[in-house]
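Trainee: I've got a new model open and I'd like to learn how to read it. Could you walk me through it?

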Amino acid sequence: MPTLFSKIISREIPAQIVCEDEHLLAFKDINPQAPVHVLFIPKEEIASADALEDRHAELVGRLVLAAGRYAREAGIAEDGYRLVMNTNEHGGQTVFHLHLHLIGGRPMSWPPG
Ligand code: 5GP
């Protein structure tokens, strides 16, 4: 089902887009949890990590690689960062279009709450 992230892809909803190619789009989170907080989403509508299929293996790799590239460009890679895919209700997912959070620019604690 289309979500507001599909509307960001189609430019119906504005966002601070930081990278895009034929497979994916990345934009700054509207409610950043750290100095760097970017969402990497596939252009294909996939509801969550729970809906991934074998055919998506390359696409998931592209999301992770794009996030890593952005982290290096943003200068946060050496200090470190977090990649998160909140999945379904217990995972805290609120937008049901698969997205990879890149969060960094400050130290983070573990475990999550
Ligand atoms: P989730 O909780 O599903 O893992 O993450 C959804 C994320 O999307 C949240 O961090 C939230 O701040 C972000 N978000 C929700 N609506 C918008 C929006 O309209 N624009 C942008 N840029 N981010 C959004």
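Mentor: Happy to. Let's begin with surface patches: a patch here is made of residues with over 30% relative accessible area and no salt bridge, and nonpolar side chains are joined within 5 Å. Keep in mind that this is a predicted model.

Trainee: Which residues make the nonpolar surface patch?

Mentor: Val64, Tyr81 and Leu83 make it, and the patch covers about 210 Å². Take Tyr81, which sits in strand 4, residues 81–84. Tyr81 has a relative accessible area of 32%, so it counts as partly exposed.

Trainee: How do I read those exposure words?

Mentor: Buried means under 20% relative accessible area, exposed means over 50%, and partly exposed is what falls in between. Try that on a residue in a loop: Ile30 is in the one between strand 2 and strand 3 (36–42).

Trainee: Is Ile30 buried or exposed?

Mentor: Exposed, because its relative accessible area is 86%. You can also place Ile30 against another part of the chain: its C-alpha atom is 8.7 Å from that of Gln16, and the two are 14 residues apart along the chain.

Trainee: What about Ser48, buried or exposed?

Mentor: Ser48 has a relative accessible area of 3%, so it is buried. You'll find Ser48 in the loop between strand 3 and helix 2 (57–74). Its side chain has a polar atom that lies 3.0 Å from the backbone nitrogen of Asp50.

Trainee: Which residue 51 positions along the chain from Ser48 should I look at?

Mentor: Look at His99: the C-alpha atoms of His99 and Ser48 are separated by 7.6 Å. His99 is in the loop between helix 3 (88–91) and strand 5 (100–104). At a relative accessible area of 5%, His99 is buried too, because the cut-off is under 20%.

Trainee: Now the ligand. How many residues surround the ligand?

Mentor: There are 16, and His99 is among the closest, along with Asp29, Asn86, Thr94 and His101. By class, the shell has seven nonpolar, seven polar and two charged residues.

Trainee: Which element supplies the largest share of that shell?

Mentor: Helix 1 does, with three residues. Both helix 1 (4–9) and strand 2 (24–28) supply at least two residues of the shell.

Trainee: And which atoms of the protein lie at polar-contact distance from the ligand?

Mentor: Here are three cases to find on screen. A polar backbone atom of Lys28 is 2.9 Å from a nitrogen atom of the ligand. An oxygen atom of the ligand lies 3.0 Å from a backbone N or O atom of Gly92. In the side chain of His101, an N or O atom is 2.8 Å from an oxygen atom of the ligand. As for cover, the ligand has 520 Å² of accessible area on its own, and the protein covers 83% of that.

Trainee: Let's turn to charges. What should I look for?

Mentor: Side chains of opposite charge can pair when their charged atoms come close. A search of the whole structure finds five salt bridges.

Trainee: Which residue forms a salt bridge with Glu44?

Mentor: Arg55 does, with the closest N and O atoms 3.2 Å apart. Glu44 and Arg55 are eleven residues apart, and each is in the loop between strand 3 and helix 2. Glu44 is partly exposed at 32% relative accessibility, whereas Arg55 is exposed at 56%. Arg55 also meets Glu53 in a salt bridge, at 2.9 Å from N to O. Glu53 has a relative accessible area of 45%, so it counts as partly exposed.

Trainee: Which residues do salt bridges with shared partners join into one network?

Mentor: Arg11, Glu20 and Lys43 are joined that way. Within that network, Glu20 and Arg11 form a salt bridge whose closest N and O atoms are 2.7 Å apart. On exposure, Glu20 is partly exposed at 38%, and Arg11 is partly exposed at 46%.

Trainee: Where should I go back to for practice?

Mentor: Try His99 again: check that it is buried, then find it among the residues closest to the ligand.

Methods: Residues are numbered from 1 along each chain as its sequence is written. This is a predicted model: local features need pLDDT of at least 70, side-chain atom pairs count only at pLDDT 80 or more; totals for chains, interfaces and linings use all residues. Side-chain values use heavy atoms; hydrogens and water are left out. A residue is near a molecule or strand if one of its heavy atoms lies within 4 Å of it. A polar contact is a pair of N or O atoms within 3.5 Å; within protein, one must be able to donate a hydrogen and the other to accept it, and residues adjacent in sequence count only if both atoms are side-chain atoms. Accessible areas come from the Shrake-Rupley method with a 1.4 Å probe; for residues, only the protein chains shown count as cover. Helices (H or I, at least four residues) and strands (E, at least two) are DSSP runs, numbered from the N terminus. Ala, Val, Leu, Ile, Met, Phe, Trp, Tyr, Cys and Pro count as nonpolar, Asp, Glu, Lys and Arg as charged, and the others, Gly among them, as polar. Patches are made of residues with over 30% relative accessible area and no salt bridge: like charges are joined within 9 Å, nonpolar side chains (Val, Leu, Ile, Met, Phe, Trp, Tyr) within 5 Å. A salt bridge is a side-chain nitrogen of Lys or Arg within 4 Å of a carboxyl oxygen of Asp or Glu. Buried means under 20% relative accessible area, exposed over 50%, partly exposed in between (1.4 Å probe, protein chains only).
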